[in-house]
Amino acid sequence: MFGGISPVQLIIVLVIVVLIFGTKKLTGMGKDIGGAVKGFKQAMNDDEKEDAKKADQALDNKTADAQFAESKENSKEKQDV
């Protein structure tokens, strides 16, 4: 089922781990791992938000550049007339 490990063998290994480390230490390790995963997910979301913000700024800059070029072209046409 689990790569050649039967459920009975898995339970035996888990019992041995609990006996060696104790439930308090395992609980603490679980909380630490959970906190690390939560922090990782939050960092990934922050990066995605930052990337989206940068993309919006780049789009705004391109729009502003295009508007500036258009207004410059219009003023040049008015001078030629």
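Helices (H or I, at least four residues) and strands (E, at least two) are taken here as DSSP runs, numbered from the N terminus. This is a predicted model, in which local features need pLDDT of at least 70 and side-chain atom pairs count only at pLDDT 80 or more, while totals for chains, interfaces and linings use all residues. Residues are numbered from 1 along each chain as its sequence is written, and side-chain values use heavy atoms, with hydrogens and water left out.

Begin with the whole chain, which holds two helices and zero strands. Of its 81 residues, 0% count as buried, where buried means under 20% relative accessible area, exposed over 50%, and partly exposed in between (1.4 Å probe, protein chains only). The chain exposes about 7,500 Å², of which carbon and sulfur atoms supply 62%; accessible areas come from the Shrake-Rupley method with a 1.4 Å probe, and for residues only the protein chains shown count as cover.

Next, select residues 7-21, which form helix α1. Its 15 residues should span 21 Å at 1.5 Å a residue (the expected span is 1.5 Å times one less than the number of residues), and the end C-alpha atoms are indeed 21 Å apart. Just after α1 comes Gly22, with a positive phi near 85 degrees.

Widen the selection to residues 6-23, which UniProt lists, in an unreviewed entry, as "transmembrane region"; UniProt positions follow the numbering used here, feature names are shortened, and annotations may be inferred rather than shown by experiment. This span is 89% helix and 0% strand, with its end C-alpha atoms 23 Å apart.

Now show the side chains of Val8, Ile12, Ile16, Ile20 and Phe21, which make a nonpolar surface patch of about 500 Å². Patches are made of residues with over 30% relative accessible area and no salt bridge, like charges being joined within 9 Å and nonpolar side chains (Val, Leu, Ile, Met, Phe, Trp, Tyr) within 5 Å. Ile20, which lies in helix α1, counts as exposed at 62% relative accessibility.

Move on to residues 45-72, where UniProt places a "coiled-coil region" (unreviewed entry). The span is 100% helix and 0% strand, and its end C-alpha atoms lie 40 Å apart.

Finally, select Glu50 and Lys54, whose side chains meet in a salt bridge at 3.5 Å, N to O. The rule asks for a side-chain nitrogen of Lys or Arg within 4 Å of a carboxyl oxygen of Asp or Glu, and by it the count comes to one. Because Glu50 and Lys54 are four residues apart in helix α2 (residues 23-80), about one helical turn separates them. Glu50 is partly exposed, with a relative accessible area of 42%.
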